[in-house]
Amino acid sequence: MLINDAFAQAASSAQDTADWMSLLPMFGILLLFYFLLIRPQAKRAKEQKQMVDSLQRGDEVITNGGILGQVLNVSENYVIIEIAPATEVTVLKSSVQTLLPKGTLKSIEPKGKTQKSKTAKSAAPLENNEAETAEASASNDTEAKK
């Protein structure tokens, strides 16, 4: 034999430790994914489930679609939300995204109504001015042709 038995044994044990050492970075990456991705996501899902389970009448919520409203009725799978006076929407409980602090909806001032009335008032004089300008230019054109 060319190789002694003692040398052959030493080589095989060194190779086993090298195999385990090569797997160490893989375990490190798995731990990193667990602590940075999986664990926080599970925690958020648990908090969301608790929030949805604790919904009650009078809560102010935002749905996944961005609709703000006040909870009128809660059943096992559905929630009835009032989004405007005398306007109710039935949505799945799971579509409720955020629970707002009490009084949030009252503090939101609809700005669309005031802007529409201002633009309507200011648009009317512009239309009259444009009509007068068009008539004046038409009369100028006819005078120029004569």
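Which residue in β3 is the bridge partner of Asn73? The partner is Ile80, and this pair is a handy way into the sheet described below. Please keep in mind that the model is predicted.

## The chain at a glance

Three helices and five strands make up the secondary structure of the chain. Reading from the N terminus, the order of elements is α-β-β-β-β-β-α-α, with the strands numbered β1 to β5 in what follows.

Of the 146 residues in the chain, 12% are buried. The accessible surface amounts to about 12100 Å², and carbon and sulfur atoms account for 60% of that area. If you look at contacts between residues at least 6 apart in sequence, 42% of them join residues that are at least 24 apart.

## The sheet as a whole

Let us turn to the strands. All five come together in an open sheet, ordered β4-β3-β2-β1-β5, with antiparallel pairing. The edges are formed by β4 (87–92) and β5, each of which pairs on one side only. From one strand to the next, the twist averages 45°.

As general background, strands of a sheet pair through backbone hydrogen bonds, in either a parallel or an antiparallel sense.

## Strand β1 and its two neighbours

Strand β1 covers residues 60–63 and pairs with β2, residues 68–74, through three bridges in the antiparallel sense. Within this pairing, Val61 has Gly69 of β2 as its bridge partner. The two strands form a hairpin with four residues between them. One residue to look at in the turn is Gly66, which has a positive phi of about 90°.

On its other side in the sheet order, β1 meets β5. Strand β5 spans residues 96–100 and is joined to β1 by four bridges, again running antiparallel. Here Glu60 stands opposite Leu100 of β5.

## From β2 to β3

Strand β2 also pairs with β3, which runs over residues 78–84; this antiparallel pairing has four bridges. The pair from the opening question belongs here, with Asn73 bridged to Ile80 in β3.

## How confident is the model?

What does the predictor's confidence look like along the chain? The average pLDDT is 78, and 63% of the residues score at least 70.

One stretch deserves a separate word. Over residues 126–131, pLDDT stays under 50. For these residues, the model has zero contacts beyond four places in sequence.

How values were computed: Residues are numbered from 1 along each chain as its sequence is written. This is a predicted model: local features need pLDDT of at least 70, side-chain atom pairs count only at pLDDT 80 or more; totals for chains, interfaces and linings use all residues. Side-chain values use heavy atoms; hydrogens and water are left out. Buried means under 20% relative accessible area, exposed over 50%, partly exposed in between (1.4 Å probe, protein chains only). Contact means heavy atoms within 4.5 Å. Accessible areas come from the Shrake-Rupley method with a 1.4 Å probe; for residues, only the protein chains shown count as cover. Two strands pair if DSSP finds at least two bridges between them. Axes are lines fitted to C-alpha atoms, for helices over the stretch in contact, and angles run from 0 to 180 degrees between N-to-C directions. pLDDT is the predictor's confidence in each residue, from 0 to 100.
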